[in-house]
Amino acid sequence: DPTGDTSNGKTIVDSGPNDYHGTCTGCSGFTGEGIDPEVAGIVGLDDAQWFNGVDTEVTIPDSADFTVSTSIDVSADILLTSNAPIGIVNKGIGAAGNREWGLTINGSNLLEFIVFDESLSANVSASTADFPTNELFTARGYYDGSDIYIYVNGVQKATTAGVIAIENLAADIQVGNSLAAGRNLNGIVSGVSISLNGTEVAAYT
């Protein structure tokens, strides 16, 4: 939930229990700049951040509390104007040596949730092509330590088995972009929730 003015460096407030506030760069306004929420049938998102597909992103500084020991559950309400490769919510994706996990649109234009073990150069992911554009939907990725899942609007779309030890490599969390070039989201991200080891650690409404 954005506070303050609509200028660069705006604070995105963590409504969860730990006050892990984010900083929005490239901010130029809320929803309505590129899309009319009422026309799109979006209710309650008048203050959500509009990501311009060029330079808007939210950065949440790393914390030891973001260490995954048993499970990770990431979800977000999203409106995409295209399914080009983008970072939705991720930690270290796009930077070899720092990759931890990510909810993204991958290079094959699939909605994907992926987790990494960088020490072994290993990863496991689940992905789906069954998601909408120009329509608000909820994306969720969940990894329980042995299986990874991807959901759209609460419906499981894919699952993959695999055991990965996710390291905390001091990467910041990014919303609306990743560390790979040209992965800026064009649309809306709201209702972000990050739960680790069964406990919600951060939420951005």
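Visitor: How many of the 205 residues of the protein count as buried, as a percentage?

Guide: The share is 49% of the 205 residues. Buried means under 20% relative accessible area, exposed means over 50%, and partly exposed lies in between, with a 1.4 Å probe and protein chains only. This is a predicted model, in which local features need pLDDT of at least 70, side-chain atom pairs count only at pLDDT 80 or more, and totals for chains, interfaces and linings use all residues. Residues are numbered from 1 along each chain as its sequence is written, and side-chain values use heavy atoms, with hydrogens and water left out.

Visitor: Why is Ser-178 called buried?

Guide: Its relative accessible area is 5%. The cut-off is under 20%, so Ser-178 counts as buried. Ser-178 sits in the loop between strand 13 (173–175) and strand 14 (186–196).

Visitor: What is Ser-178 in contact with, leaving aside its neighbours within four places in sequence?

Guide: Ser-178 is in contact with Gly-87, Asn-90, Ile-93 and Arg-183. Contact means heavy atoms within 4.5 Å.

Visitor: What makes a stretch a strand, and how many strands are there in the protein?

Guide: Strands are DSSP runs of E with at least two residues, helices are runs of H or I with at least four, and both are numbered from the N terminus. By that rule the protein has 15 strands and zero helices.

Visitor: How do you know that strand 1 and strand 2 pair?

Guide: Two strands pair if DSSP finds at least two bridges between them. Strand 1 (residues 10–12) and strand 2 are joined by three bridges, in the antiparallel sense, so the pairing criterion is met. Thr-11 stands opposite Thr-23, and Ile-12 has Gly-22 as its bridge partner. Strand 2 also has three bridges to strand 4 (residues 57–60), again antiparallel, with Cys-24 partnered by Val-58.

Visitor: What makes strand 1 and strand 9 edge strands?

Guide: Eight strands form an open, antiparallel sheet in the order 1-2-4-13-6-7-8-9. Strand 1 and strand 9 (122–128) each pair on one side only. The twist averages 25° from one strand to the next.

Visitor: Which residues of strand 10 are buried, and which are not?

Guide: In strand 10 (residues 137–143), Phe-137, Ala-139, Gly-141 and Tyr-143 point to one face and are buried. Thr-138, Arg-140 and Tyr-142 point to the other face and are not buried. In a regular strand the side chains alternate between the two faces of the sheet.

Visitor: Which strands pair with strand 10?

Guide: Strand 5 (residues 72–80) pairs with strand 10 over seven antiparallel bridges, and strand 11 (residues 147–152) does so over five, also antiparallel. Arg-140 stands opposite Ser-75 and has Tyr-151 as its bridge partner in strand 11. Strand 10 and strand 11 form a hairpin with three residues between them, and Gly-145 in the turn has a positive phi of about 100°.

Visitor: What makes a set of residues a nonpolar core?

Guide: The members are buried Ala, Val, Leu, Ile, Met, Phe, Trp, Tyr and Cys residues joined through side-chain atoms within 4.5 Å. The largest such core here has 45 residues, and those that touch the most other members are Ile-72, Ile-88, Val-89, Trp-101, Leu-111, Phe-113 and Val-115. Strand 5 gives the most to this core, with five residues. Beyond four places in sequence, Ile-88 touches residues including Ala-76, Ile-78, Leu-103, Leu-111 and Leu-185.

Key
Axes are lines fitted to C-alpha atoms, for helices over the stretch in contact, and angles run from 0 to 180 degrees between N-to-C directions.
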